[in-house]
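Dear colleague,

I am handing over the structure we spoke about, and below it you will find my notes on what turned up when I went through it. Please read them with the model open beside you.

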Amino acid sequence: MPKKKYYVIWVGHKTGIVDSWEECNKRIHGFKGARYKSYKSLEEAKRAYASYRTENIGSTQHSYTTNAEIFSRTPPIRESLAVDAACSGNPGPMEYRGVYVNSGEVVFHVKFPLGTNNIGEFLAIVHGLAELKRKNQNIPIYTDSSIALKWVKKKKCFTKLERDSNTEKLFKIIERAETWLKNNTYQQPLLKWDTERWGEIPADFGRK
């Protein structure tokens, strides 16, 4: 009896991990630039799905290009979540939201009386990760903020905003986000939105 395999799809009609070639083929068939590979165990597949290196991807090129760079050369993945923040002044009234790229549905929208754009971008990513994990949705998250991506990777919001009575509620939310990152793992790829090629990110507030 053949051993069971697990298939990781990084780029395709639908991304994720599946346990049959039939389902994998459905997700990649006819998709130009599809990226996928089979693994012998679910644990190995999960690790590979979260990886950022192309040596894990079924490709004849063994480069060290990141997944973010791969996706920037292809159309954005439609089944994904886009997040963005806006701030009227910096600092000033701040809000962030998450939007499904495929449908345009707003998944969450949070406002604060005082904050910064970078804080909003950071919180939006963490909120998105928590929401997708709660729903068991293994889809990518797009952001157009390189700073927020670095903060999330380091599990720390490096803001210079002063903590006082006006920002205390915001800083408590920041601490919750940092604690979530330290206490949770996630499989969802975090990807940089290519504004130059694709236009404004779907979660954009249109204030530029």
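In which sense do β1 and strand β3 pair, and over how many bridges? Bearing in mind that this is a predicted model, the answer is that β1 and β3, the latter made of residues 35-39, pair in the antiparallel sense over five bridges, and within that pairing V8 has K37 of β3 as its bridge partner.

On β2, residues 16-18, β1 is joined by three bridges, and these two strands also run antiparallel; here the bridge partner of Y7 is V18. Between β1 and β2 there are four residues, and the two strands form a hairpin. Strand β1 itself, residues 6-11, is mostly covered, with six of its six residues buried.

Taken together, these strands make an open sheet of three strands in the order β2-β1-β3, with antiparallel pairing. Because β2 and β3 stand at the edges and each has a single partner strand, one side of each is left without a neighbour in the sheet. Direction ignored, neighbouring strands of this sheet are turned by 20° against each other on average.

Two helices should be looked at along with the sheet. Helix α1, which comprises residues 21-28, packs on the sheet and touches β1, β2 and β3, and its direction makes about 10° with that of β1. Helix α2, residues 42-49, lies across β1, β2 and β3 and runs at about 10° to β1.

The other matter I would like to draw to your attention comes from a record rather than from the coordinates: an unreviewed UniProt entry carries the annotation "binding site", which covers D84 and D204. These two residues span 121 residues in sequence, yet their C-alpha atoms are no more than 5.7 Å apart, so they gather at one spot.

Are D84 and D204 buried or exposed? D84, which is found in strand β4 (residues 81-87), has a relative accessibility of 2% and therefore counts as buried, the cut-off being under 20%. D204 lies in the segment after α7 (195-198), and at 14% relative accessibility it falls under the same 20% cut-off, so D204 counts as buried as well. Once its neighbours within four places in sequence are left aside, D204 is in contact with D84 and R97, which links the two annotated residues directly in the model.

With best wishes

Definitions and conventions:
Residues numbered from 1 in each chain as written. Predicted model: local features only at pLDDT ≥ 70, side-chain atom pairs only at ≥ 80, totals over all residues. Heavy atoms only, no water. Buried < 20%, exposed > 50% of the residue type's maximum accessible area, 1.4 Å probe, protein only. Pairing = 2+ DSSP bridges. Axes fitted to C-alpha atoms, helices over the stretch in contact; angles between N-to-C directions. Contact = heavy atoms within 4.5 Å. UniProt positions renumbered as here; feature names shortened; annotations may be inferred.
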